[in-house]
Amino acid sequence: AIEERIDVEVRALETCAYKKETFRQILDQIQKYVDQLNLQSYTNLNTWVLNLDKRVGEKLAQRLIAGMKAWHVALINYSNEMATRDRAGTEHNDDDHTGFFKPGGEPNIPSQVHDVVIVNQEIQVHPPIDKARATLKNHLKGYVSTICGLSTLQSTRYTVGIEVNSGESTHRNLLTKKEKSTDCDSALIPLL
């Protein structure tokens with residue numbers, strides 16, 4: 001009953017839109033089911049929720065890897081896409097009405113215009129390259145935080161008393177579980 005509904009929600013993490021609100025809604029629904037089990041005083045709930053959170057973390061890690069790869073592809077193909085859009089005179093529509101979503105989402109890297117100026121026989125770039133790099137880093141950080149900022153599942157939200165939670169409260173540790181040699185590493189290293 002509840003376990004089957006939780007399994008459906010966990011599987012939904014694989015195919016949902018790559019948006020923080022969508023992930024949060026799914027995790028909130030799973031947390032409500034866990035809270036129900038907690039209020040019904042199920043035994044060994046802590047161990048069961050730890051295993052459930054591990055499964056959820058694996059699904060989110062897969063989506064994070066796909067998201068970083070998608071961000072890498074978007075960064076590399078950015079200039080080609082902009083040139084194609086400019087020639088066609090059309091805007092790109094990010095809305096997907098088919099119900100199917102890419103595992104890594106469709107990152108929308110903001111455009112940056114740089115002016116090359118000669119002042120007193122000195123060439124300058126405005127805004128500076130360091131600022132452009134910082135902007136890209138912030139965009140990547142925001143894209144990664146779509147998943148890494150999500151809360152972990154808790155088995156004892158309604159337990160009365162003083163208790164210290166020694167576990168992670170977010171999925172921030174997924175970055176350390178990322179595949180060691182992905183295609184996106186070579187593109188992300190110059191940003192770091």
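A residue counts as buried when its relative accessible area is under 20%, and as exposed when that value is over 50%. Cys-16, at 10% relative accessibility, therefore falls on the buried side of the cut-off. Cys-148 is buried too, with a relative accessible area of 9%. The model discussed here is a predicted one, and its cysteines make a handy way in. A disulfide is a covalent bond between the sulfur atoms of two cysteines. The count of disulfides in this model comes to zero.

Stepping back to the whole chain, the secondary structure adds up to six helices and two strands. Going along the sequence, these elements come in the order α-α-α-β-β-α-α-α. Of the 192 residues in the chain, 33% are buried. The accessible surface comes to about 12,800 Å², and carbon and sulfur atoms own 52% of that area. Contacts reach a long way along the sequence: among those with a separation of 6 or more, 73% link residues 24 or more positions apart.

Now for the inside. The largest nonpolar core has 33 residues, and the members that touch the most others are Ile-6, Phe-23, Ile-30, Leu-52, Val-56, Leu-60 and Leu-64. At least two residues of this core come from each of the helices α1 (2–15), α2 (20–39), α3 (45–88) and α4 (129–148). Helix α3 gives the largest share, with ten residues. Leu-60 shows what such a position looks like up close. Leaving aside residues up to four places away in sequence, Leu-60 touches Leu-13, Phe-23 and Leu-27, along with Ile-147, Leu-150, His-171 and Leu-174. One of these partners, Phe-23, is itself on the list of core residues that touch the most other members.

Charged pairs come next. Side chains of opposite charge can pair when their charged atoms come close. Across the whole structure, a search turns up four salt bridges. One of them joins Arg-55 to Asp-7, with the closest N and O atoms 2.8 Å apart. Because Arg-55 sits in helix α3 and Asp-7 in helix α1, this pair ties together parts of the chain that are 48 residues apart in sequence. Both ends are partly exposed: Arg-55 has a relative accessibility of 35%, and Asp-7 has 27%.

Two other salt bridges stay within a single helix. In helix α2, Glu-21 pairs with Arg-24, with 3.9 Å between the closest N and O atoms. These two residues are three places apart, about one turn of the helix. Glu-21 counts as partly exposed at 44% relative accessibility, and so does Arg-24 at 33%. In helix α4, Asp-130 forms a salt bridge with Arg-133, the closest N and O atoms being 3.5 Å apart. Asp-130 and Arg-133 are three residues apart in the helix, so about one helical turn separates them. Here the two ends fall into separate classes, with Asp-130 exposed at 57% relative accessibility and Arg-133 partly exposed at 32%.

The backbone has a few quirks as well. Most residues other than glycine have a negative phi, and most peptide bonds are trans. The bond joining His-126 and Pro-127, however, is cis, with omega at about -10 degrees. Pro-127 lies in the loop between β2 (122–126) and α4. Ser-41 is not a glycine, yet its phi is positive, near 55 degrees. This serine is found in the loop between α2 and α3, and Ser-41 is exposed, with a relative accessible area of 57%. Gln-121 also has a positive phi without being a glycine, at about 60 degrees. The loop between β1 and β2 holds Gln-121, which counts as exposed at 83% relative accessibility.

Last comes a feature on the outside. Val-116, Ile-118 and Ile-123 make up a nonpolar patch on the surface, and together they have about 350 Å² of accessible area. Val-116 belongs to strand β1 (residues 115–119). With a relative accessible area of 61%, Val-116 is over the 50% mark and therefore counts as exposed.

Notes: Residues are numbered from 1 along each chain as its sequence is written. This is a predicted model: local features need pLDDT of at least 70, side-chain atom pairs count only at pLDDT 80 or more; totals for chains, interfaces and linings use all residues. Side-chain values use heavy atoms; hydrogens and water are left out. Patches are made of residues with over 30% relative accessible area and no salt bridge: like charges are joined within 9 Å, nonpolar side chains (Val, Leu, Ile, Met, Phe, Trp, Tyr) within 5 Å. Accessible areas come from the Shrake-Rupley method with a 1.4 Å probe; for residues, only the protein chains shown count as cover. A salt bridge is a side-chain nitrogen of Lys or Arg within 4 Å of a carboxyl oxygen of Asp or Glu. Helices (H or I, at least four residues) and strands (E, at least two) are DSSP runs, numbered from the N terminus. Buried means under 20% relative accessible area, exposed over 50%, partly exposed in between (1.4 Å probe, protein chains only). A disulfide is a pair of cysteine sulfur atoms within 2.5 Å. A nonpolar core is a set of buried Ala, Val, Leu, Ile, Met, Phe, Trp, Tyr and Cys residues joined through side-chain atoms within 4.5 Å. Contact means heavy atoms within 4.5 Å.
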